[in-house]
Amino acid sequence: MNKLGLLGKNISYSFSRAYFREKFENEKITDTTYENFDIDTIDLFPSIIKNTKNLKGLNVTIPFKEAVIPFLDKINKKAKAIGAVNTIKITKKGKLIGYNTDCYGFKKTLEPFLKSQHKSALILGTGGASKAIAYTLKNLGISYHYVSRKQSNGVSLTYDSLTDEIIEEHQIIINSTPLGTFPNIEDCPNIPYKALTNNHILFDLIYNPEETKFLKLGKQQKATTINGLNMLKLQAEKAWTIWDL
């Protein structure tokens, strides 16, 4: 029996396990299972690899997309350029190869909504997922700034420094933070929502709830809103092709 799974922390809510289990059922795939590997610290990762027989691949989620890299034998070129891994293939010889399919899922989901005014973006948050977003925007020729709670390397904008003008200048705003995820559905990134217009795209990587407060407030300003579900489905299918079972 082939085994696949999701590596993360506090992932009982996970999309991936339900998605793949449903996929296996629908497509009559009977030789593969998908489990959660819920760990508190990345130091426990080698013991999963050692103790799980027939493990062929993993998805990786918050907060391990960057932390897992030193444990891998090889990293695909795109994942290396991004600096984050969300898919691991385990070869027949037991080698661990890291990939990033977030960028694929994000690009395919965003592209149909892009118009000529969408030249610059704000990326809220600086975790592993934000790196795939930045990589994709660069590929699409869209300039971007990271927004974080405090200034650091590569982060010039803080939430406190966001003005109406900055919001008006950046017609794409992507939430890559966990703010607003179930059960904390009243939370949202602290940005000047009143400055949003119908020219804006708000993209939330969160998929539960379907409409976060971030997206709700964007919709009130007539912005185009996109949640993370399609991106997740696309990156999951891309991971499936990489595992090639």
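Start at V68. Select V68 in the loop between β3 (55–60) and β4 (74–75); helices (H or I, at least four residues) and strands (E, at least two) are DSSP runs, numbered from the N terminus. This is a predicted model, where local features need pLDDT of at least 70, side-chain atom pairs count only at pLDDT 80 or more, and totals for chains, interfaces and linings use all residues. Residues are numbered from 1 along each chain as its sequence is written, and side-chain values use heavy atoms, with hydrogens and water left out.

Is V68 buried or exposed? V68 counts as buried because its relative accessibility is 0%. Buried means under 20% relative accessible area, exposed over 50%, partly exposed in between (1.4 Å probe, protein chains only). Now show the contacts of V68, meaning heavy atoms within 4.5 Å. Leaving out residues up to four places away in sequence, V68 touches L7, I42, F45, V60, V85 and I88. Draw a distance to F45: the C-alpha atoms of V68 and F45 are separated by 8.0 Å, with their positions 23 residues apart along the chain.

Next, the sheet. Strands of a sheet pair through backbone hydrogen bonds, either parallel or antiparallel. Here, an open sheet of 6 strands runs in the order β9-β8-β7-β10-β11-β12, with parallel pairing. Two strands pair if DSSP finds at least two bridges between them. β9 (157–158) and β12 are the edge strands, each pairing on one side only.

Go to the β9 edge and pick T158, which sits in that strand. T158 is buried, at a relative accessible area of 14%. Its contacts, again without residues up to four places away in sequence, are V147, S148, R149, K150 and Q151.

Cross to the other edge. β11 and β12 run parallel and are joined by 3 bridges. Pick F203 and find its bridge partner in β12, I226. Then add helix α4 (residues 102–110), which lies across β10, β11 and β12 and runs at about 150 degrees to β11. Axes are lines fitted to C-alpha atoms, for helices over the stretch in contact, and angles run from 0 to 180 degrees between N-to-C directions.

Select Y104 and K238 next. K238 lies over the face of Y104, 4.5 Å from the ring centre. A charge sits over a ring if NZ of Lys or CZ of Arg is within 6 Å of the ring centre and within 35 degrees of the ring normal.

Move to helix α7 (residues 213–220). Which of its residues are buried? They are F214, L215 and G218. Look down the axis of α7: these buried residues fall within an arc of 90 degrees, so they line one face of the helix. The arc is that of the directions from the helix axis to the C-beta atoms. The buried residues of α7 pack against β7 (120–124), β10 (172–175), β11 (201–204) and β12 (224–226). After α7 comes K222, with a positive phi near 70 degrees.

Finish with the aromatics. The whole structure holds 12 aromatic pairs. Rings of Phe, Tyr and Trp (its six-membered ring) pair if their centres lie within 6.5 Å; planes under 30 degrees apart count as stacked, over 60 as edge-to-face and the rest as tilted. Y19 and F20 are edge-to-face, because their ring centres are 5.6 Å apart and their planes stand at 85 degrees. Both Y19 and F20 are buried.

Now add W243. F20 and W243 form a tilted pair, 5.5 Å centre to centre with 50 degrees between the planes. F20 lies in helix α1 (residues 15–26) and W243 in helix α8 (residues 229–243), so this pair ties together parts 223 residues apart in sequence. Lastly, select F15, Y19, F20, F24, Y34, Y207, W240 and W243, which form one aromatic cluster.
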